[in-house]
Amino acid sequence: MSRTDDILTVESVARRFGGVQALGGVSLEVRRGEFHAIIGPNGAGKSTFFNTLTGLVSPDAGRIVFEGRDLSGIAPHQRVRLGIGRTFQITRIFPDLTLLENVQVALLAHDRASLAPWRDASKHKPTDARELLERVGLSGPSGQLAAALAHGDRKRLELAITLAGKPRLLLLDEPTAGMGAQERLESIRMVHKVAAELGLSCLFTEHDMAVVFSVASRISVLVQGKLLITGQPEAVRASEQVQRVYLGEAVIEQGVG
Amino acid sequence: MNAQRVGLIGLIAVLALLPLALSDFWTFIAIEILAFALYAISFNLLMGYGGMLSFGHAAFFGVGAYAGGLLAKSAGVGSMWGFALVMPMAMAVAALFAAAIGFFSVRRSGIYFAMLTFAFQMLLYTVALKAIGLTGGDDGLTGLRPPGALAAPGPYYYFALAWVLPAIYVIHRLVRSPFGLTLRAMRNNPLRVEYSGVDVRNHQLITFVIAGAFAGLAGALFAFSSGNVFPGWLNWTASATPIVMAVLGGVQSFLGPALGAAVYVILEVTISGSTEYWHLFMGLVILLLVLMMPRGLAGLIDRKRP
């Protein structure tokens, strides 16, 4: 199944939590350079799937192969060192540090210098850190505390932190969560542009269909822990199965609301 | 030269001249303050910088004190240089204990980490109490005296100062280094640090060992000033001391815990001299200070940092 232009291959990954089969054998490939979206109703297993890729949750069965390397038993921080970067649905930054320091923490980690006990951390590649901040659109004063940032800018900062690790595969969990409709589109286009500039492959989960269809090169639909379909946006949009899933959800939501 | 540097040089000058102005009793108190300042700063490396609230930091202060006392006694240390060697050896013993306890404790975080450090400390307390052949049990180690001229408060003050100042400088370098920046980031968001490619548990363990080693040094220095070591130094109530000192002085400031240690010790000496209910008064004073100054005493001096 594995092809040389796949950066990530997921083979029949399964995971059960107590009596709930969160993932029931999911297989998919992320191709080099693609912008791959995972969609699906709430509780479809998107988060669990993401967490198996990043090593937060270990699968009961199946294999995850990154650039030809089996990731079984590889700790989260080691996966990052291999070239897999991630952002979180609930944004994770370091509010008590300055913007520059936020990025420097990750630059130090990438340079395997996090344990250096004597020299001044503020002198570690400030130019690289500033460049990354500008790349994600944070051109304000880099000496201000991250706690002062608005929600959207926090998302940008987390992206800069992630990019500092020089990943080749970017995993974004709900990159536009908590944003307004217009901001969502701007934000995902920025991420798309940055990923394209740096030649990164990207896998992301997303709720907003407008966002998904604006940037995704391929889409996988996850329903009740199983992969319904993977394909080009047009094919997914045209799929009756997908329409049934989403129409069903829409009806339920209206019924509740 | 900026104001901060002038202040620092002034502080060191005052510390260097202090015994000239103090009676033997207050020099003895000044030695206690030096030891507890280092102890509180070592604790704050864990809490203020790493966000690791240890309820068992007294274990390492106590282990350092016992190790120093036992080493000096068993080796019959007579020379000043031999005595000086006792300090790094006490540090090393405390570091070893911290490595063993930290290995298990850093596997959990928050209150579970606190409970593990608490449990290990109580284990060591019981050993100190029951291993009478080694520790003297209830009676503790007694008759500890630095050799020769160092036995007088004045010279021993300088001996302690010669250990405490470099130790604090080393910790200061550490918190500003890549190691320290990563530690501060871990206090904010350990998962984000892990997903930047850092082995968070290992980083916490190293921090725990360093903090333990400096607490051990503080304990050994204080042991030869007080002349005794008691099991109570390892009791859980003793672990509250560095917490109170750090909070009192301000955990957001590097020297805050040292300031807290000074105020704590001086309050203890002055209040306990005038009433046997000094714990009550101490409690009230701390309550007022914490309520009125949530950032500690250092917050009054340095208003810039949030």
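What follows is a short exchange about a predicted model.

Colleague: Is helix α1 of chain A, residues 46-54, largely enclosed or left open by the rest of the structure, and why?

Modeller: A residue is buried if 20 or more other C-beta atoms lie within 10 Å of its own. In α1(A), 8 of the 9 residues meet that condition, among them A:F49, A:F50 and A:L53. The helix is therefore largely enclosed.

Colleague: Which residue follows α1(A), and what is the sign of its phi?

Modeller: The helix is residues 46-54 of chain A. Next comes A:G55, with a phi near 95 degrees, which is positive.

Colleague: How do strands β1 and β2 of chain A run, and how many bridges join them?

Modeller: β1(A) covers residues 6-17 and β2(A) covers residues 20-31. A:R16 stands opposite A:Q21 of β2(A). The two strands run antiparallel, and the number of bridges joining them is 9.

Colleague: Which residue in the hairpin of β1(A) and β2(A) takes a positive phi?

Modeller: The hairpin has 2 residues between its strands. The positive phi, near 60 degrees, belongs to A:G18.

Colleague: Which element gives the largest share of the side of chain B that touches chain A?

Modeller: The contact takes 24 residues from chain B and 31 residues from chain A. On the chain B side, the elements giving two or more residues are α7 (153-176), α8 (178-188) and α9 (190-194). The largest share, 8 residues, comes from α8(B).

Colleague: How many residues on that side of chain B are nonpolar?

Modeller: By class, the side of chain B that touches chain A has 8 polar and 6 charged residues. Its nonpolar residues number 10.

Methods. Residues are numbered from 1 along each chain as its sequence is written. Chains are lettered from A and ligands numbered from 1 in the order in which they are written. This is a predicted model: local features need pLDDT of at least 70, side-chain atom pairs count only at pLDDT 80 or more; totals for chains, interfaces and linings use all residues. A residue is buried if 20 or more other C-beta atoms lie within 10 Å of its own, exposed if 12 or fewer, and partly exposed in between; C-beta atoms are placed from the backbone. Helices (H or I, at least four residues) and strands (E, at least two) are DSSP runs, numbered from the N terminus. Two strands pair if DSSP finds at least two bridges between them. Two residues are in contact if their C-beta atoms, placed from the backbone, lie within 7 Å. Ala, Val, Leu, Ile, Met, Phe, Trp, Tyr, Cys and Pro count as nonpolar, Asp, Glu, Lys and Arg as charged, and the others, Gly among them, as polar.
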